Amino acid sequence: MATGGPIAWKLLSVAHLFFLGISVGAFFLSTLPYVFHVKQYNPLGKLMLCTSLMTLLPALLLLVLSLSSMMTWVIWLYGAYTLILVGQVRLAIRERGVGRDRQVVRMLGIIGVVVTLPLLTGSGMIPGLFPMTFLVSTLLSGGALVVCLSPLVIKDGWALRETVSELAGLVGALLTFELLALLAEVLVALGSGIPSHIATIRMILVGPSAWIFWGLQIVAGALVPLLLLFRGPRVSLKASAIACFFILVGVFAFLLNGVNTQSSLMGRGTSGVA
Amino acid sequence: MGAVAVLIFSTVAGSIFAFALLWAISQALKLTEEAEEARELKIRLAEVKAKEELRKAA
């Protein structure tokens, strides 16, 4: 719905991608305990699935509001993804006939990963320029929200606290990986000699909205959380949650940059030559 | 037709990459857990040995 002007449309679009990314990221992380049998993440499995379902609802609402994707098959994929998630949450929560239920949750997890990939592509989440970074940033945002929400569900369970601390470490590692992948992708794009790619990178790094990249994405969204997460061997739950909040700000800035640059280049006449 | 081919390719390639990434993460986490367990076992073994030596000395 572009009635609110281009800025409103851009924000709706970014918010839609943001919530979809968190949902898919939390869903991908839930495959660690349910599909890949990572035992230490078992206590967080349900929280991951619930986070995924909770953030899918605003993503669906924002999709309807922004109408960023009019393709029917995307709607079908959303339907399939929602059904998979609801099924998984139901089976994970009821804890009856654990063995068989877990098998079904595992199968749904595998199907879900395959279903969400075209969903991300159809929603414009994986543009050609930064495919790897986008996938890692979905995991990052999903993990970050799970860590942010964990203080709400942890009462006094030491084991759960340890698990969240481990997840915060994984989020930190993913953030480091994403920064390296981003650097690699920027260098590849600059070295490719393709004018549209170079124009995009220039717009992000030194364009009028460069503060979004340097201020929000790099300083607030990467350096501050890395300092908070890796300042010592034991990081408190509160510090981890604050770091993860900043990571979410950085992911939002990353998506804002993507949509911003895309629409600016399209406005110039699609060639994107600087 | 071209768009469909790109979509199918990106889905297949993306799925392979996503599964590979998740598998790599899971392996790294399992290794970390095993290392942690081994460390705890070592500490426990050292404690048992120390207790045994104390008992013998007494």
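This tour moves from the contact between two chains, through the two domains of chain A, to a single helix, in what is a predicted model.

Begin by displaying chains A and B together, and select the residues where they touch: 14 residues from chain A and 16 residues from chain B take part in the contact. On the chain A side, the elements that give two or more residues are helix H1 (5-34) and helix H4 (98-122), and the largest share, 5 residues, comes from H4(A). Colouring this side of chain A by residue class will show 10 nonpolar, 3 polar and 1 charged residues.

Next, hide chain B and colour chain A by its domain assignment, which gives domain 1 (1-125) and domain 2 (127-274). Where these domains of chain A meet, 23 residues of domain 1 are in contact with 26 residues of domain 2. Select H1 and helix H2 (45-66) of chain A, since these are the elements that give two or more residues to the domain 1 side of that contact; H1(A) gives the most, with 13 residues. By class, the domain 1 side has 15 nonpolar, 7 polar and 1 charged residues.

Finally, select helix H7 (residues 195-206) of chain A, whose 12 residues reach 16 Å from the first C-alpha to the last, close to the 16 Å expected at 1.5 Å a residue. Show the side chains of A:Thr200, A:Ile201, A:Met203 and A:Ile204, which are buried. Turn the view to look down the axis of H7(A): its buried residues fall within an arc of 160°, so they line one face of the helix. On the other side of H7(A), select A:Pro195, A:Leu205 and A:Val206, which are exposed.

Definitions and conventions: Residues numbered from 1 in each chain as written. Chains lettered and ligands numbered in written order. Predicted model: local features only at pLDDT ≥ 70, side-chain atom pairs only at ≥ 80, totals over all residues. Contact = placed C-beta atoms within 7 Å. Helix = DSSP H or I, 4+ residues; strand = E, 2+ residues; numbered from the N terminus. Nonpolar A, V, L, I, M, F, W, Y, C, P; charged D, E, K, R; others polar. Domains from an automatic or database assignment. Expected span 1.5 Å × (residues − 1). Buried ≥ 20, exposed ≤ 12 C-beta atoms within 10 Å, placed from the backbone. Arc of directions from axis to C-beta.
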